[in-house]
Amino acid sequence: MQLEYSFIIPVYNRPDEIRELLESMQDLDFNGHFEIVIVEDGSSISSEEVIEDFKGKLNISYYYKENTGPGDSRNYGMKLAKGNYFLILDSDVLLPKNYLFEVDTFLSSNYYDCFGGPDAAHESFTDLQKAINYSMTSLLTTGGIRGNKQAVNKFQPRSFNMGLSKKAFVESGGFGLIHPGEDPDLALRLLKEGFETILIPNAIVFHKRRIDWNKFYTQVNKFGMVRPILNSWHPQSAKITFWFPTLFISGFALAIIFWMLGFSFFIWFYLFYFLIIGIDAGIKNKSGYIGIAAIMATFIQFLGYGVGFLNAIWKLKFLKMQPQEAFPKLFFTNED
């Protein structure tokens, strides 16, 4: 099958990010044809003028719709796209020159209906962005689940860097209305329906998370809330590892209590772990400051996710609430 690629990019009030992404797409080292479908998801700050600057330079289609969330906006774009293979990106990524070459080379010899790729920090990113990128992707913090080369089969792609065939989109119905969590939900439904997913290790994007510490906590807290919901929808996906952040934070609190009571043995385990995080992040980023910031990012990540996970377990398992009743802000409404 001849692959025809359509990039699908939802955007919400981020015209500057779209400009940077399109600038990186101008430099793609790829001789084939591709189109770019940008869906403005009810933004009050439009990207239309930015996109006009790239007309004639890139094959872009631009659509504006009411705000129904990123998942539904991707579905909207895929319905209008002309290609037979969709490359789904978040607006806050940059593409290296070889991105599409790597994707096409892999799929041409190892076809899969759905793939995901890793994210990395670009050298131009701020120290905070690099520290958060480390905490989100390191083998020492998340087990490398967002791009671990040892876990390439049955990979659950994330929508900041995801490929989906038109066939898989049509048969699955695309993304649901939960957010975050719409991407692993789709991947798990695809696996149930007999499609295969894969990680393409060399299909890397630079994920430019524009967040401060408070926004980072809110983000990972939502990730924690979403996981028990996904486990209730897809029981086969539940793993003991999802409890690790909650257990980590609970153990840390107990270690502090023991330390205050004169027993410092347990707190040293945590201090040693955070020291390893700081050294590893500092060496990899060639910055002592990033090493220290990565310790902060790791703690916030575990705290936010662990608290969110426990909150969802309490409401779903003990209070017997339905997901949309318990967490209405995690769900969008499709007006269609």
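**Exercise 1.** In this predicted model, determine how many residues of strand S8 (residues 161–165) are buried and which residues lie on each face.

*Solution.*
Step 1. Buried means under 20% relative accessible area. By that cut-off, five of the five residues of S8 are buried, and the strand is mostly covered.
Step 2. In a regular strand the side chains alternate between the two faces of the sheet.
Step 3. One side of S8 holds Asn161, Gly163 and Ser165, while Met162 and Leu164 are on the other. Both faces are covered.

**Exercise 2.** Find the strands that pair with S8, and give the sense of each pairing.

*Solution.*
Step 1. Strand S4 (residues 85–89) runs antiparallel to S8 and is joined to S8 by five bridges. Within this pairing, Tyr85 has Ser165 as its bridge partner.
Step 2. Strand S6 (residues 114–116) also pairs with S8 in the antiparallel sense, over three bridges. Here Gly116 stands opposite Met162.

**Exercise 3.** Locate the nonpolar surface patch that includes Phe263, and decide whether Phe263 is buried or exposed.

*Solution.*
Step 1. The patch covers about 870 Å² and is made by Leu254, Ile257, Phe258, Leu261, Phe263, Phe265, Phe266 and Phe269.
Step 2. Helices H9 (244–260) and H10 (265–285) each supply at least two of the patch residues. Phe263 sits in the loop between H9 and H10.
Step 3. Exposed means over 50% relative accessible area. Phe263 has 52% relative accessibility, so Phe263 counts as exposed.

**Exercise 4.** Describe the span that UniProt lists as "transmembrane region".

*Solution.*
Step 1. The unreviewed UniProt entry lists residues 289–314 under this name.
Step 2. In the model, residues 289–314 are 100% helix and 0% strand, with their end C-alpha atoms 38 Å apart.

Note on methods:
Residues numbered from 1 in each chain as written. Predicted model: local features only at pLDDT ≥ 70, side-chain atom pairs only at ≥ 80, totals over all residues. Heavy atoms only, no water. Patch = residues over 30% accessible without salt bridge, like charges linked within 9 Å, V, L, I, M, F, W, Y side chains within 5 Å. Areas by Shrake-Rupley, 256 points an atom, 1.4 Å probe, with all protein chains shown as cover. Salt bridge = Lys/Arg side-chain N within 4 Å of Asp/Glu carboxyl O. Helix = DSSP H or I, 4+ residues; strand = E, 2+ residues; numbered from the N terminus. Buried < 20%, exposed > 50% of the residue type's maximum accessible area, 1.4 Å probe, protein only. UniProt positions renumbered as here; feature names shortened; annotations may be inferred. Pairing = 2+ DSSP bridges.
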